[in-house]
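Okay, thanks for coming, everyone. I'll put the structure up and then talk through it for a few minutes.

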Amino acid sequence: MWPNSWSLSNMVNLQTLSVPQRSLDQDCTTLSRHVLGQFNSFSAEAQDLSALMNRIALAGKLISRRLSGAGLIEDVLGFTGEKNVQGENVKKMDIFANEVFISVLRQSGLVCRLASEEMEKPYYIKENCPISRYTLLYDPIDGSSNVDINLNVGSIFSIRQQQGIDIDEQARDLLQDGHSQIAAGYILYGAATILVYSMGKGVHSFTLDPSLGEFILSQENITIPRKGNVYSTNEGNFWQWSEQMRDYVRYVHLNDGYTARYGGALVGDFHRILLQGGVFLYPGTIQKPEGKLRLLYESAPLAFLSQQAGGLATNGEKNILDIVPQHLHERSPLFLGSLEEVKLVESFLQSR
Ligand code: AHG
Ligand code: MN
Ligand code: MN
């Protein structure tokens with residue numbers, strides 16, 4: 001295959017040529033180092049949040065590994081036969097991913113309470129509670145309907161600071177607006193496994209390098225284009241929408257310049273919009289007047305990212321980040337993405 005005269009070193013050189021070389025420093029710009037950089041300090045708080053983000057990254061690696069082997073390992077795909085607090089059929093991956101987040105945070109001293117889409121009540125990691133002030137809210141697998149067909153899914157997370165002592169373990173202090181999030185982000189399990197996060201100083205993305213087992217910085221200070229040609233919604237719900245929502249969809253149907261992209265997983269649909277612009281729409285429907293998406297661990301984290309990236313997220317009337325939930329699994333209509341596109345949607349929703 002190789003000319004006889006070529007030595008091993010030639011082949012090595014050729015191989016290295018085929019892989020774009022990263023600088024050593026870029027290889028060392030891991031998630032934990034980047035988080036410390038967000039604080040410009042090595043304070044206890046910075047160290048804690050850096051360690052916490054690292055545990056979330058570990059959860060992402062464990063879930064990514066499970067997903068990539070799903071077709072070959074027994075009992076990964078398919079339904080459990082149970083329904084969750086949402087009334088939805090639970091996938092085996094939902095349960096696995098939920099338990100991954102619990103496991104990576106045990107004995108970490110970092111997080112006292114977990115609030116998950118898959119658990120009716122907050123879960124207390126007792127050994128952590130005496131010293132931890134953080135709560136992790138998460139959707140362990142977002143886009144479950146994609147799991148069995150190897151299409152992209154994600155995990156969504158939000159970090160809040162515990163307020164008060166929560167003596168009766170009701171976690172009422174979680175029922176605050178989205179501005180009280182300390183950090184938010186998601187992991188997208190796609191062709192690559194990507195982690196996107198913000199701590200209030202811009203939106204940054206990391207790509208998992210399996211050869212290192214590390215999330216390496218791939219994009220800093222991501223901004224959502226003010227306009228975008230993508231609209232992302234489930235048009236199968238047209239019969240259940242208000243006339244105002246239908247008017248918006250009629251508008252994009254009748255005007256050049258729009259294209260429909262809907263992947264069935266909020267994280268994937270949002271990631272496209274974060275990078276290329278556009279708008280994601282999940283309005284209220286006849287069957288779900290409050291919409292389908294959950295405020296505390298789907299809409300609010302993504303609204304936090306949108307705002308940090310110069311975009312907008314509303315429920316059609318008010319900023320998602322201003323909404324104070326009345327209960328843990330509250331749903332809300334969600335319109336999310338490019339500033340001008342979301343405002344265009346709002347102009348239809350508020351007309352008639
Ligand atoms: P989850 O799998 O966590 O329940 O989330 C699914 C959500 C969201 O990811 C997606 O945008 C939406 O449900 C899809 O809903 P429809 O199938 O009704 O379009
Ligand atoms: Mn979800
Ligand atoms: Mn989910």
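I'll start with the metal site, then move to the domains, and finish with one loop residue.

One thing up front: this is a predicted model, so please hear everything I say with that in mind.

Okay, metals. Which residues coordinate the manganese ion we call ligand 2? That would be Asp 139 and Asp 142, each through OD, and Glu 298 through OE, with distances running from 1.9 to 2.1 Å. If you like to read motifs off the sequence, the donors of ligand 2 are spaced D-x2-D-x155-E. That long gap brings together distant parts of the chain. Asp 142 belongs to strand E5, residues 134-142, while Glu 298 comes from helix H8, residues 295-308. The two are 156 residues apart.

Are those two donors buried or exposed? Asp 142 has a relative accessibility of 4%, so we call it buried. Glu 298 is down at 1%, and is therefore buried too. The cut-off for buried, in case anybody asks, is under 20%.

Now the other manganese ion, ligand 3. Here the protein donors are Glu 117 through OE, Asp 139 through OD, and Ile 141 through its O atom, at 2.1 to 2.2 Å. The spacing for ligand 3 reads E-x21-D-x1-I. You'll have noticed Asp 139 coming up again: it coordinates both ions, which sit 3.7 Å apart. Asp 139 and Ile 141 are both buried.

Right, let's zoom out to the domains. The chain splits into domain 1, covering 24-219, and domain 2, covering 230-349. Going by C-alpha atoms, their centres are 23 Å apart. Domain 1 puts 48 residues into the contact, and domain 2 puts in 33 residues.

How much area do domain 1 and domain 2 bury between them? About 2,900 Å², of which 62% is on carbon and sulfur atoms. On the domain 1 side, the three residues to look at are Ile 156, Leu 175 and Tyr 186. Together they supply 20% of what domain 1 buries against domain 2, more than any other three residues.

There's a polar side to this as well. Between the two domains we count two salt bridges, and 19 residue pairs in polar contact, both partners at pLDDT 80 or more. As for which elements domain 1 uses, the ones giving two or more residues to the side that touches domain 2 are E5 and strands E3 (111-116), E6 (153-161), E7 (181-189) and E8 (193-198). E7 gives the most, with eight residues. And yes, E5 is the strand I mentioned earlier as the home of Asp 142.

While we're on salt bridges, have a look at Glu 88 and Arg 294. Their side chains meet in one, at 3.0 Å from N to O.

Last stop: Gln 287. Where is Gln 287? You'll find it in the loop between strand E13 (279-282) and H8, the helix that holds Glu 298. Gln 287 has 58% relative accessibility, so it counts as exposed; the bar for that is over 50%. Once you set aside neighbours within four places in sequence, Gln 287 is in contact with Trp 239 and Gln 240. And to give you a sense of where it lies, the C-alpha of Gln 287 is 31 Å from that of Ile 159, a residue 128 places away along the chain.

That's what I had, so over to you.

Key:
Residues numbered from 1 in each chain as written. Chains lettered and ligands numbered in written order. Predicted model: local features only at pLDDT ≥ 70, side-chain atom pairs only at ≥ 80, totals over all residues. Heavy atoms only, no water. Donors = N, O, S within 2.8 Å, 3.2 Å for Na, K, Ca; no water. Helix = DSSP H or I, 4+ residues; strand = E, 2+ residues; numbered from the N terminus. Buried < 20%, exposed > 50% of the residue type's maximum accessible area, 1.4 Å probe, protein only. Domains from an automatic or database assignment. Contact = heavy atoms within 4.5 Å. Buried area = accessible area lost by both parts, 1.4 Å probe. Salt bridge = Lys/Arg side-chain N within 4 Å of Asp/Glu carboxyl O. Polar contact = N/O pair within 3.5 Å; in protein donor to acceptor, adjacent residues only side chain to side chain.
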